[in-house]
Amino acid sequence: PTNNGPGNDENFGWWRGSNGVYHSVQDPHTGMDLPTNQLLGINNHGLAVGFYNTNNGDSHGYTYNTLTERFSAPINDPGFTSTTTAAINDFGVVAGFATNNGSTFSGFEYDHGHFTTLNDPGMVSTQLLGVNDHGLFVGDAVSGSGNMFGVTWSAAAGWSNYHFGTD
């Protein structure tokens, strides 16, 4: 949460414990005076994923163990300047997206140290925002004409697009 708006104060992640107490999470790798840091997903084992931004605006994903209060090393998709880890399932598989220019995204699966790029064919941009324990990824994709689609992907079924307008 922020108090004064983006760029004017800290933006930090948080999680709520089983006792109802809220805990602030600030990745120590940020190195910023007014850091941007967010938790975006958590699994049933207390392992959360999120990202922080550096002073130049690049994002770096991480995992955070709510039980031990420890951060992983930054998670960065090779070949990209910014990586956002958005969701994690109970097997530790992460869904996310990465970019070099901030406007075109590539979705990815991060499975115990290994990245697999997952881009919807025929789309210019793909963001993966969730993954369940059956390996079904959800997110969005943008077509060449700029229309956004909801998407799902699994190894068994491939890509499915859900369009809510005209293309």
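The exercises below, each with a worked solution, concern a predicted model of a single protein chain.

**Exercise 1. Describe the overall make-up of the chain: how many helices and strands does the secondary structure contain, and what share of the residues is buried?**

Begin with the secondary structure, which comes to zero helices and 14 strands. Read from the N terminus, the elements accordingly run β-β-β-β-β-β-β-β-β-β-β-β-β-β. Turn next to burial: of the 167 residues in the chain, 44% are buried. The surface that the chain exposes amounts to about 8800 Å², and carbon and sulfur atoms supply 51% of this area. Finally, consider the contacts between residues with a separation of 6 or more, of which 29% link residues 24 or more positions apart.

**Exercise 2. Work out the sheet that contains strands 7, 8, 9 and 10: in what order do the strands lie, and is the pairing parallel or antiparallel?**

The four strands form an open sheet in the order 7-8-9-10, with antiparallel pairing. Strand 7 (82-88) and strand 10 (114-118) stand at the edges, and because each has a single partner strand, one side of each is left without a neighbour in the sheet. From one strand to the next, the twist averages 30°.

The pairs can then be taken one at a time, starting from strand 7.

- Strand 7 pairs with strand 8 (residues 93-99) in the antiparallel sense over six bridges, and Ala87 has Ala95 in strand 8 as its bridge partner.
- Strand 8 pairs with strand 9 over seven bridges, again in the antiparallel sense, and Ala98 finds its bridge partner in Ser106 of strand 9.
- Strand 9 pairs with strand 10 in the antiparallel sense over five bridges, and Phe115 in strand 10 is the bridge partner of Tyr110.

The last step concerns the turns. The hairpin of strand 8 and strand 9 has five residues between the strands, and Gly102 there takes a positive phi near 80°. In the hairpin formed by strand 9 and strand 10, two residues lie between the strands, and His112 in the turn has a positive phi of about 50°. As for how covered strand 9 (residues 105-111) is, six of its seven residues are buried.

**Exercise 3. Carry out the corresponding analysis for strands 11, 12, 13 and 14: which strands stand at the edges of this sheet?**

These four strands form an open sheet in the order 11-12-13-14, and the pairing is antiparallel. Strand 11 and strand 14 (158-163) stand at the edges; each has a single partner strand, so that one side of each is left without a neighbour in the sheet. The twist from one strand to the next averages 30°. For a particular pair, take strand 13 (residues 148-154) and strand 14, which run antiparallel and are joined by six bridges; within strand 14, Tyr162 is the bridge partner of Gly150.

**Exercise 4. Identify the largest nonpolar core: which residues make it up?**

The core consists of eight residues, namely Ala87, Val93, Ala95, Leu118, Leu128, Val131, Phe137 and Trp153. Assigning residues to strands shows that strand 8 and strand 11 (123-131) each supply at least two residues of this core. One member, Phe137, can be followed further: leaving out residues up to four places away in sequence, Phe137 touches Val93, Val94, Ala95, Phe108, Glu109, Leu128, Gly130, Val131, Val151, Thr152 and Trp153. As a general background to such a cluster, nonpolar side chains tend to be buried together in soluble globular proteins.

**Exercise 5. Characterise two individual residues: is Tyr62 buried or exposed, and with which residues is Gln127 in contact?**

Tyr62 lies in strand 5 (residues 59-65). Its relative accessible area is 0%, and because buried means under 20%, Tyr62 counts as buried. The side chain of Tyr62 is joined to that of Asn37 by a polar contact of 3.0 Å. Tyr62 and Ala86 are 24 residues apart in sequence, and their C-alpha atoms are 9.6 Å apart in space.

Gln127 lies in strand 11. With a relative accessible area of 15%, Gln127 is likewise buried. Apart from neighbours within four places in sequence, the residues in contact with Gln127 are Phe97, Phe105, Val138, Gly139 and Asp140.

Notes
Residues numbered from 1 in each chain as written. Predicted model: local features only at pLDDT ≥ 70, side-chain atom pairs only at ≥ 80, totals over all residues. Heavy atoms only, no water. Pairing = 2+ DSSP bridges. Axes fitted to C-alpha atoms, helices over the stretch in contact; angles between N-to-C directions. Buried < 20%, exposed > 50% of the residue type's maximum accessible area, 1.4 Å probe, protein only. Contact = heavy atoms within 4.5 Å. Areas by Shrake-Rupley, 256 points an atom, 1.4 Å probe, with all protein chains shown as cover. Core = buried A, V, L, I, M, F, W, Y, C linked by side-chain atoms within 4.5 Å. Polar contact = N/O pair within 3.5 Å; in protein donor to acceptor, adjacent residues only side chain to side chain.
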